[in-house]
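The following exercises concern a predicted model. Each task is followed by a solution in steps.

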Amino acid sequence: MDATTPDAVPPPGCPAHADARIPLYGPDFAADPHAYYDYARSYGPSAPVELAPGVDASLVTDYATALRLLQDNSTFRKDARRWKAFNDGLIPADSPVVPLLAYRPNAMFSDGAEHLRLRQAITDAMGRIDTARLARSTEQISDYLISQFGSRGSADLMADYAKQLPLFVFNELFGCPADIGDRILFGISGMFDGVNAERAAEVLFGAVGELVALKRSRPGEDVTSWLMQHETRMTDEEMVYQLSLILGAGADPLRNLIGNTLHRILVHDEYARQGGLIDEAMEDTLWENPPVPNLAPHYPAADVEFAGQKFEAGELIMVSFAAANNSPSLAAARRSGSNRSHLAWSAGPHACPSKDPARQITMAAVENLLNRIPDIAAAVPEDSLTWRPGPFTRGLTALPARFTPLPAPDRAPAPGQAPAGERAEQSGTARKAAGTGRWSQFLNWLTR
């Protein structure tokens with residue numbers, strides 16, 4: 001089947017001639033990506049796409065084909081040093097997609113024994129997270145964020161809640177002191193938002209490096225220390241790259257998952273404020289609006305024919321989780337009750353190692369918000385909402401909400417702490433030492 005099939009109508013902004021690549025960027029794509037995926041299917045199991053100006057790839061849109069690719073680690077490799085177009089100097093150095101695709105020595109970009117070594121360390125460390133502790137931390141952070149906007153009677157649930165909560169939870173789980181946590185928050189946000197991303201990356205790696213040095217001298221009950229103590233005995237450099245991968249790859253997708261689930265609940269009446277349907281809303285979101293719609297870069301180890309198409313060694317092939325999840329061939333299976341067979345967490349040896357904590361955090365964050373603010377509702381029509389641009393992320397830029405204002409928070413001092421008046425007189429030096437960033441403010445709030 002080719003792109004000129006009568007049923008294959010290109011969406012606005014998409015090239016209408018068969019030899020052009022389908023752009024996965026720009027406002028038209030962000031507004032209705034599924035129109036682009038529907039059109040891409042007219043090429044067959046994979047389609048020629050442009051991830052950003054001058055960055056070409058093949059995008060797998062068929063579920064069965066995607067599963068084969070993700071599970072075949074002999075024909076296809078993850079090491080981005082194989083990327084032929086990049087090695088040939090054909091990729092613009094300042095391309096916005098390069099920071100997420102260029103090689104780094106972490107589990108995402110490794111193969112074979114090295115991947116197994118790094119992946120096992122991450123899996124074992126994340127597996128030690130206590131679910132009760134995670135639930136308690138998420139609820140505390142949720143309460144804190146709600147306390148910041150609850151008395152207003154309105155909020156942007158992305159900026160005020162979904163964006164911040166994962167970063168706070170991760171900082172707590174990874175044992176970050178206030179000053180390091182603040183810089184990690186800045187670095188991750190800047191990289192994913194594309195705001196001075198190069199400088200943000202420097203701040204992130206520098207802060208994580210300080211965290212590694214701190215935990216070498218003072219280990220604790222946290223993921224950083226567990227990763228460091230793992231039998232793989234990673235070097236400091238390896239620790240920095242693995243931690244940055246976990247923090248970065250976890251925080252932004254989790255932000256989108258929380259936001260997209262809240263969006264689904266607020267705009268679809270069937271989920272309205274019924275706690276038992278939160279899990280269903282999250283799973284429907286993972287199927288139809290996954291937080292990472294396109295990624296999983298792979299490179300053929302040699303020239304190969306795959307899914308009826310020839311690929312050169314080192315050619316960039318990616319998977320559209322969003323398109324694969326919505327393949328027409330899956331409709332019957334989903335109706336029959338296979339509600340978790342989607343590819344939102346990827347599949348194969350590089351599948352997400354943190355899906356269980358991510359599910360738990362999302363469920364706790366959404367449930368606590370709806371319990372605390374039962375009459376929360378969307379404040380603007382759905383068609384006025386806008387989505388973040390680019391091929392790798394699917395999240396709203398804002399989600400305005402309104403509700404009956406909550407009483408102003410009035411937290412009692414912690415046991416043994418001075419009353420508020422006395423604390424105000426004593427707080428100048430302490431506040432200066434603790435810092436004024438968001439993580440510092442949360443730690444101060446916990447002990448007020």
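**Exercise 1.** Determine in which sense strand 3 and strand 9 pair, and how strand 9 pairs with strand 6.

*Solution.* Strands of a sheet may pair in a parallel or an antiparallel manner, through backbone hydrogen bonds. Begin with strand 3 (residues 55-60): its pairing with strand 9 is parallel and rests on three bridges. Within this pair, Leu 59 lies opposite Met 318 of strand 9. Next, take strand 6 (residues 294-300), which pairs with strand 9 in the antiparallel sense, again over three bridges. Here His 298 has Ile 317 of strand 9 as its bridge partner.

**Exercise 2.** Establish whether the faces of strand 9 are covered or not.

*Solution.* In a regular strand, side chains point alternately to the two faces of the sheet. Strand 9 spans residues 317-320. On one side are Ile 317 and Val 319, and on the other are Met 318 and Ser 320. These four residues are all buried, and both faces of strand 9 are thus covered.

**Exercise 3.** Describe the surroundings of Ser 58: is this residue buried or exposed, and which residues does Ser 58 contact beyond its neighbours within four places in sequence?

*Solution.* First, locate Ser 58, which belongs to strand 3. Second, consider accessibility: the relative value for Ser 58 is 3%, and since buried means under 20%, Ser 58 counts as buried. Third, list the contacts, with neighbours within four places in sequence set aside: Ser 58 touches Ala 47, Gln 309, Phe 311, Glu 315, Leu 316, Ile 317 and Met 318. Two of the residues named in this list, Ile 317 and Met 318, are in strand 9.

**Exercise 4.** Identify the edge strands of the open sheet with the order 5-11-10.

*Solution.* Three strands make up this sheet, and their pairing is antiparallel. Strand 5 (154-156) and strand 10 (377-378) each have a single partner strand, so they stand at the edges, with one side of each lacking a neighbour in the sheet. Strand 5 is joined to strand 11 (residues 400-402) by three bridges. Ala 155 faces Ala 401 of strand 11 in this pairing.

**Exercise 5.** Characterise the packing of helix 13 against helix 14.

*Solution.* A packed helix pair is described by the angle and the distance between the two axes. The axes of helix 13 (residues 236-267) and helix 14 (residues 278-288) come within 9 Å, crossing at roughly 115°. Helix 13 is therefore roughly perpendicular to helix 14. The crossing is right-handed. On the side of helix 13, the contact involves Leu 257, Asn 260, Thr 261, Arg 264 and Ile 265. Helix 14 contributes Ile 278, Ala 281, Met 282, Asp 284, Thr 285, Leu 286 and Glu 288. Sorted by class, the contact holds six nonpolar, three polar and three charged residues.

**Exercise 6.** State where Ala 296 and Ser 346 are found, and what sign phi has in each.

*Solution.* Most residues other than glycine have a negative phi. Ala 296, in strand 6, has a positive phi of about 50°. Ala 296 is buried, because its relative accessible area is 9%. Ser 346 lies in the loop between helix 16 (331-335) and helix 17 (355-372), and its phi is also positive, near 65°. With 16% relative accessibility, Ser 346 counts as buried.

Key
Residues are numbered from 1 along each chain as its sequence is written. This is a predicted model: local features need pLDDT of at least 70, side-chain atom pairs count only at pLDDT 80 or more; totals for chains, interfaces and linings use all residues. Side-chain values use heavy atoms; hydrogens and water are left out. Axes are lines fitted to C-alpha atoms, for helices over the stretch in contact, and angles run from 0 to 180 degrees between N-to-C directions. Angles under 35 degrees count as roughly parallel, over 145 as roughly antiparallel, 65 to 115 as roughly perpendicular and the rest as oblique. A crossing is left-handed if the near helix is turned anticlockwise from the far one by less than a right angle, and right-handed if clockwise. Contact means heavy atoms within 4.5 Å. Ala, Val, Leu, Ile, Met, Phe, Trp, Tyr, Cys and Pro count as nonpolar, Asp, Glu, Lys and Arg as charged, and the others, Gly among them, as polar. Two strands pair if DSSP finds at least two bridges between them. Buried means under 20% relative accessible area, exposed over 50%, partly exposed in between (1.4 Å probe, protein chains only).
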